[in-house]
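Hi everyone, thanks for making time. I'd like to talk about the spaces inside this protein, so let's bring it up on the screen.

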Amino acid sequence: MDFLDLPQLVSAAGTVRLPGSKSISNRVLLLAALAQGATEVRDLLASDDTERMLQALQSLGVAVTALGGESWRIVGCGGVFPVKSAELFLGNAGTAFRPLTAALALAGGDYVLKGVPRMHERPIGDLVDALRQLGAQVDYLGEAGFPPLQLAACDTSLAPAQICVRGDVSSQFLTGLLMALPLLQRTVTVAVVGELISKPYIEITLATMARFGVQVERAGWQSFTVSAGSRYVSPGTVYVEGDASSASYFLALGAIGAAAGDKVVRVEGVGSESIQGDVKFAEALRAMGAQIAMGPNWMAARAPAEGLRGVDLDCNHIPDAAMTLATAALYAQGPTTLRNIASWRVKETDRIAAMATELRKLGAQVDEGADYIRVTPAARVQPAAIDTYDDHRMAMCFSLAAFATPLRINDPACVAKTFPDYFRRFAGVTEAAPVIAIDGPSASGKGTVAARVAAALGFAYLDSGALYRLSALAAQQAGIDWADEAGVAAVAARLDVAFSESEVLLAGVPVGDAIRSEEISAAASQVAALPAVREALLFRQRAFNTAPGLVGDGRDMGSVIFPQARLKVFLTASAEVRAQRRYKQLIEKGFSANLPDLLADLQARDARDQARSVAPLRQEADAHLLDTDALSIEQAVDQVLAWFAAAARK
């Protein structure tokens, strides 16, 4: 599984131009296809979901032309798709699957609609029941109530003047019906049974239909009427608003991390004039104490001086953006309760269950129910590997946890569903805790220099070379055989270790001498050969990258572990000088030593280290060379500090 490791973040500031709204994009594409005339769609979201819709329309015979960038030309078919028989694969795109189901069921033709396994778990029975009331012929190809579906040409001339649809499962059912009803060329009223959830998405539907010339009459949220004679006509050019749900992540970044001076995170492409209900996410952040500003096409957020506070909120009006509040709750004083979110259960994954599981990994206390989640933040957030369940919003929501701890995002590519370059944009407006990576040959003094630099800066210190020894010792203490790859890897992933210049602590106990015993040294070589252990220690090392910063020494520190380190240093000295230093250390500690033997040993080790296939000894191209032949430890430390100060000013 692919993953992305995020260091702990220390601040957020900057401007993000949002991608187009997924909800608006797929509505516009379908209505442009159903309309009379050609429509130029600009600022369309480039994502998996819109790609599925574009491919489906092309399969149905609609003329689709890419104009470059995020602009497309759609030549409408006037409600009559040229291709009358097709099999469509729609992935996990609910905004494509549900509306296309309704439109094709009433358009006259034989079609099969399929998706990924998760789409086949997402309910569609209420939409199918409503379509059957209109005379549509829709059959299930698998479990009743769920895709895939078989649609057949049918006679809808006897369709009743009123039908019913449940409103408390998904607003996409009502959206699909309303968008398809003009195809019948008769007056039909849709009565909503139960409370209509996600009302803002219906507002988007009505506004988009109006843009294409169809006005829907409504009686509150209880009934909606599409009149005979309604037909879609191209408005010529349509601009897609920026995605308000995507704005929530960056506004939350500002509310959490833009806490100093004039720092603020600003999003452009959506604002006070938006037709999207998720812009009201800004009000939820304001209720938590965030400083919010807004204009017609932009919004901005800044962290409150006193910190965020927990809220108890009905989230029916912001169902997707509300997920962002669940991770923002990690930074609040007191619990946060999000209510009226039953629709989370039938999204790309069961989002209530998934959110609860992953928040608990971070140490939060979570209570969940059929339609609510309550998050009580942990006193100390724990590093964790976050599973994303092939759900783009899980990946983006949990990126916010990086302000509290380093973390791993599994399968980060799932953001392609709506925001393919999300993590690049995320990195562009956040600042990570800095890293100084120090490497060099054995006995070059890199450990001593690194520890003293860390102490001078108040940074954490990581002696990566000791981690395999510590893993072996911790496994032994836990009664785990060193050949048990999974067992040792689990121990390595959760090592409770702290380093200083003079000592190594495992679970608070000094173990500097224990990890250098002959038995543990041999075991360290054994466990280091286990791929799962190496993988576990990769994340464990990156988890040291906490605020305010880290100094790490080790062979692959600047090449593999922290390739983006702010400062890389290759600290070296001649083998003769290093042998003299090692000889002096041993004599001062009362050990016998032979200088020629020490020199020969260091020369042999240098040769082995330079020739090894994994993490060979070498100076990285972007590393400063620090030759300490004529330098004291204090002088070497001063030079590293000077280089770091210069790097920080850039």
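So here's my starter for you: by class, how many nonpolar, polar and charged residues does the lining of the largest cavity have? Hold that thought for a moment. Do keep in mind that this is a predicted model.

First, the overall tally. The count comes to five cavities of 30 Å³ or more. The largest cavity has a volume of about 200 Å³. It is lined by 25 residues, and the closest to its centre are Thr-95, Arg-122, Gln-172, Asp-320 and Lys-347.

Okay, back to my question. In the lining of the largest cavity, 11 residues are charged, 10 are polar and four are nonpolar.

And where does that lining come from? If you want to trace it on the screen, look at helices H1 (22–34), H3 (94–107), H5 (171–180) and H11 (392–399), because each of those supplies at least two of the lining residues.

Now for the runner-up. The second largest cavity comes in at about 90 Å³. Residues from several stretches line it, among them Ala-437, Asp-439, Arg-555, Phe-570, Arg-618 and Glu-620.

Which elements supply at least two residues each here? That would be strand S28 (435–439), helix H18 (557–561) and strand S34 (567–572). S34 gives the most, with three residues.

By class, the lining of this second largest cavity has five charged, four nonpolar and two polar residues.

That's my tour of the two cavities. Thanks for listening!

Note on methods
Residues numbered from 1 in each chain as written. Predicted model: local features only at pLDDT ≥ 70, side-chain atom pairs only at ≥ 80, totals over all residues. Heavy atoms only, no water. 1 Å grid on protein atoms, 1.4 Å probe; cavity = no way out; pocket = protein on both sides within 12 Å on 5 of 7 lines; lining within 4 Å. Points joined across faces, edges and corners; volume = space filled by probe spheres on them. Helix = DSSP H or I, 4+ residues; strand = E, 2+ residues; numbered from the N terminus. Nonpolar A, V, L, I, M, F, W, Y, C, P; charged D, E, K, R; others polar.
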